[in-house]
Amino acid sequence: MITAIIVFAKAPQPGSVKTRLIPLLGAEGAAALHVRLVKHVLTTVGKASLHGVELHCAPDVNDPFFRFCAGHYGVTVKAQVEGDLGARMFFAFKSALATHACVLLLGSDCPALTARHLQQADRSLRGGADAVLVPCEDGGYALIGLRRAEPRLFDGIAWSRGNVMAETRARLTALGWRWRELETLWDVDRPEDYERLLASQLLGGSRTSDEHGTMNAERELP
């Protein structure tokens, strides 16, 4: 059984990422934080030592940062399809499960997610679970792993609200699937999350110069 990991990431364009942190960090600073979070998650998935890692990019693969990621982390870079988050996730699962027995999909907003969590999720699927999830404190989830693609897990969910995990549980129950939930983690979306991130030292214990408004070196090619 071969497991693939898919990471969803947006291009770090100021004003289009981490928008709820712009009042605190500014558009450039919020984009710089996004870069650091993507780098962190790609380092984490590399430590998990699973099979293949795909970086699914939005709006396309043309941003220099994605070329940096492909070269530095050895990931396969693909463009996300059009549609809402649910449609894009379903397509990613359907495509990857054509050539892999199990697929784990995650974003970059949860720096508390570790290689150990990824390995636990992989073992859950290999052990017979149909799905595995890492819930987040805000009511969403940081990771979802599947052994089969099912559009009913994703269709019609309001992804910006706090009941995503509850709605997903209800749909898994309706499908009659077996699933496992790992420990609940926290993600970084709001100013209070950013302060928690600084205190955690997961990315270092202080603001970088980039988060004060300059983000140049982190976007350059290696």
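Asp109 is partly exposed in this predicted model, with a relative accessible area of 28%. Its partner in a salt bridge is Lys18, and the closest N and O atoms of the two sit 2.9 Å apart. Asp109 belongs to the loop between E4 and H4 and Lys18 to the loop between E1 and H1, so this pair ties together parts that are 91 residues apart in sequence. Lys18, for its part, is buried, at a relative accessible area of 10%.

A second bridge starts from that E1–H1 loop as well. The side chains of Arg20 and Asp189 meet at 3.6 Å, N to O. Here Arg20 is in the loop between E1 and H1 while Asp189 is in the loop between E7 and H6, so the contact ties together parts that are 169 residues apart in sequence. Asp189 counts as buried because its relative accessibility is 13%. Put side by side, Lys18, Arg20, Asp109 and Asp189 turn out to be linked in a network of salt bridges. Side chains of opposite charge can pair when their charged atoms come close. Across the whole structure, the search turns up 14 salt bridges. Another of them joins Arg152 and Glu150, at 2.9 Å from N to O. In that pair Arg152 counts as exposed at 52% relative accessibility, whereas Glu150 is buried at 13%.

Lys18 is worth a second look for its backbone. Its phi is near 50 degrees, a positive value in a residue other than glycine. Gln201 does something similar: its phi is positive, about 60 degrees, and it is not a glycine either. Most residues other than glycine have a negative phi, and most peptide bonds are trans. The surroundings of these two can be set against each other. Lys18 is in the loop between E1 and H1 and counts as buried, at 10% relative accessibility. Gln201 is in the segment after helix H6 (191-200) and is exposed, with a relative accessible area of 57%. The peptide bond from Ala58 to Pro59 is also one to note, being cis with omega near 0 degrees. Pro59 itself is in the loop between strand E2 (52-58) and helix H2 (64-73).

Turning to the interior, the largest nonpolar core has 45 residues, and those with the most contacts inside it are Leu33, Leu42, Leu55, Leu106, Leu118 and Leu143. Helix H1 (residues 22-48) supplies the largest share of this core, nine residues. Apart from it lies another core, of 23 residues, including Leu105, Leu146, Leu153 and Phe154. In soluble globular proteins, nonpolar side chains tend to be buried together. Leu42 gives a feel for the packing: leaving aside residues up to four places away in sequence, Leu42 touches Val7, Leu55, Cys69, Tyr73 and Val75.

Helix H4 (residues 115-126) can be followed in the same spirit. H4 has 12 residues and reaches 16 Å from its first C-alpha to its last, close to the 16 Å expected at 1.5 Å a residue. Its buried residues are Ala115, His117, Leu118, Gln120, Ala121, Asp122, Ser124 and Leu125. The cover over them includes H1 along with strands E1 (3-10), E4 (102-106), E5 (131-135), E6 (141-146) and E7 (179-181). Just after H4, Gly128 takes a positive phi of about 115 degrees.

That leaves the aromatic rings. A pair of aromatic rings is described by the distance of the centres and the angle of the planes. The model has five aromatic pairs. Phe68 and Tyr73 make an edge-to-face pair, 6.2 Å centre to centre with 85 degrees between the planes. Phe68 is buried, at a relative accessible area of 8%, while Tyr73 is partly exposed, at 23%. Phe93 and Phe154, by contrast, are stacked, with centres 5.9 Å apart and planes at 20 degrees. This stacked pair links distant parts of the chain, 61 residues apart: Phe93 is in helix H3 (residues 85-96) and Phe154 in the loop between E6 and helix H5 (164-175). Both Phe93 and Phe154 are buried. Back at the edge-to-face pair, Phe68 and Tyr73 join Phe65 and Phe66 in one aromatic cluster.

Conventions. Residues numbered from 1 in each chain as written. Predicted model: local features only at pLDDT ≥ 70, side-chain atom pairs only at ≥ 80, totals over all residues. Heavy atoms only, no water. Core = buried A, V, L, I, M, F, W, Y, C linked by side-chain atoms within 4.5 Å. Buried < 20%, exposed > 50% of the residue type's maximum accessible area, 1.4 Å probe, protein only. Helix = DSSP H or I, 4+ residues; strand = E, 2+ residues; numbered from the N terminus. Contact = heavy atoms within 4.5 Å. Expected span 1.5 Å × (residues − 1). Phe/Tyr/Trp six-rings, centres within 6.5 Å; stacked < 30°, edge-to-face > 60°. Salt bridge = Lys/Arg side-chain N within 4 Å of Asp/Glu carboxyl O.
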